[in-house]
Amino acid sequence: MTSRTFRETSLRIALPCALLVALAACASAPPAAPTTALTSATPVQMVATIRASAGDGEGELSVQPLRDNEVEDLRDQAHRLEAQGHVADAAKALDHAIEIVPGDPALLQERAEVALLLGDRAAAASLAERAFALGSQVGPLCRRHWTTLEQVRLLEGDAAGAAAARAAVDACRVGPPARY
C-alpha cells in the first residue's frame, strides 16, 4: 500500500469516527421519565387548600411582624389582581413588595401560592422553603408553607415527600405560652 492510499483510507475511516465522537459529545442525557401527578386538583383548588390549612389560628401561637404601608398596599393590589384573574400582574406586585422587604415570610408565602397558580412548581417550592426558613416555624403561616410543599410534591408524583410535608403541617400547631 502506498502512502497516498494509506492516507486516503485513514481519512475515510477517521472522518466518520471523528463525526461520531463529535455527535456523541453533543448528545444530551436521556429525558427524565414523565412523572405521574398524585393529584387531580387544579392550581386554584390547590391554593384554596393551602390557604384553608392556615385555619383561624385560634388558641395557638402566631407571630405577626409589623407591616410597611407601601408593602401592604402592594399586597392588597396583588390580592385584587389575583381575584380579577390577573395572576401574572399579582406576581409582579408581590415581587415588588419582596424587593422592599425581602425577608418577609408572609410575602414569600403569598408569592409561592401565586407561583403555583402560574404553574411554576419549582418557584412555589423554593419560595415556600425560604419562607419557612425565615419565619417563626409555627402557626398558621407555617402550615401554609408545608401545605404548599405537599401540593408541589403531589404534582411531582413524590408520595413520600408529600407525606413528609403533611406530617410537618401538624408540627406547626403550637399553643400559646401559659399565662400565670
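A residue counts as buried when its relative accessible area is under 20%, and by that cut-off E113, with a relative accessible area of 0%, is buried. This residue is a convenient place to enter the structure, which is a predicted model. E113 is found in helix α5, and, once its neighbours within four places in sequence are left aside, it is in contact with V47, I50, R51, R144 and T148. The C-alpha atoms of E113 and A91 are separated by 9.5 Å, although their positions lie 22 residues apart along the chain.

Before following those contacts further, it helps to see the chain as a whole. Its secondary structure comes to eight helices and zero strands, so that reading along the sequence gives the pattern α-α-α-α-α-α-α-α. Of the 180 residues in the protein chain, 34% are buried, and the chain exposes about 11000 Å², of which carbon and sulfur atoms supply 60%. Among the contacts with a separation of 6 or more, 67% are accounted for by residues 24 or more positions apart.

One of the partners of E113 is R144, whose place is in helix α7. R144 is buried as well, with a relative accessible area of 16%, a value that falls under the 20% cut-off. Apart from its neighbours within four places in sequence, R144 is in contact with I50, S53, A54, Q109, E110 and E113. I50 therefore appears in the contacts of E113 and again in those of R144. Another residue of helix α7 is Q151, which counts as buried at 6% relative accessibility. With its neighbours within four places in sequence left aside, Q151 is in contact with M46, T49, I50 and L116.

Helix α7 itself deserves a closer look. Its 18 residues should span 26 Å at 1.5 Å a residue, and because its end C-alpha atoms are 26 Å apart, the model agrees with that expectation. The helix is mostly covered, since 15 of its 18 residues are buried. Just after α7, G157 takes a positive phi of about 80 degrees.

Helix α7 also takes part in the disulfide of the model, and the structure holds one such bond, joining C142 to C172 with an S to S distance of 1.9 Å. C142 lies in helix α7 and C172 in the segment after α8 (159-171), so the pair ties together parts that are 30 residues apart in sequence. The torsion about the S-S bond is about -55 degrees, which means that the disulfide is left-handed. Both ends are shielded from the surface by the same cut-off as before: C142 counts as buried at 2% relative accessibility, and C172 counts as buried at 1%.

The helix that comes before α7 is α6 (residues 121-134), which has 14 residues and reaches 20 Å from its first C-alpha to its last, close to the 20 Å expected at 1.5 Å a residue. Its buried residues are A124, A125, L127, A128 and A131, and these pack against α5 (105-117) and α7 (139-156). An α-helix has 3.6 residues a turn, so residues three or four places apart point the same way.

Helices α6 and α7 are linked by aromatic rings too. A search of the whole structure finds one aromatic pair, in which F132 and W146 meet edge-to-face, at 5.1 Å centre to centre and with 65 degrees between the planes. Because F132 lies in helix α6 and W146 in helix α7, the pair ties together parts that are 14 residues apart in sequence. W146 is partly exposed, with a relative accessible area of 21%.

What remains is the nonpolar interior. In soluble globular proteins, nonpolar side chains tend to be buried together. Here the largest nonpolar core has 30 residues, and those with the most contacts inside it are L107 and L116. The elements that give two or more residues to this core are α2 (43-53), α3 (69-83), α4 (87-100), α5, α6 and α7. Leaving aside its neighbours within four places in sequence, L107 is in contact with V71, R75, L94, A97, I98 and V101. L116, the other residue named for its contacts inside the core, has already appeared above as one of the partners of Q151.

Methods:
Residues numbered from 1 in each chain as written. Predicted model: local features only at pLDDT ≥ 70, side-chain atom pairs only at ≥ 80, totals over all residues. Heavy atoms only, no water. Helix = DSSP H or I, 4+ residues; strand = E, 2+ residues; numbered from the N terminus. Expected span 1.5 Å × (residues − 1). Buried < 20%, exposed > 50% of the residue type's maximum accessible area, 1.4 Å probe, protein only. Contact = heavy atoms within 4.5 Å. Phe/Tyr/Trp six-rings, centres within 6.5 Å; stacked < 30°, edge-to-face > 60°. Core = buried A, V, L, I, M, F, W, Y, C linked by side-chain atoms within 4.5 Å. Disulfide = S-S within 2.5 Å. Areas by Shrake-Rupley, 256 points an atom, 1.4 Å probe, with all protein chains shown as cover.
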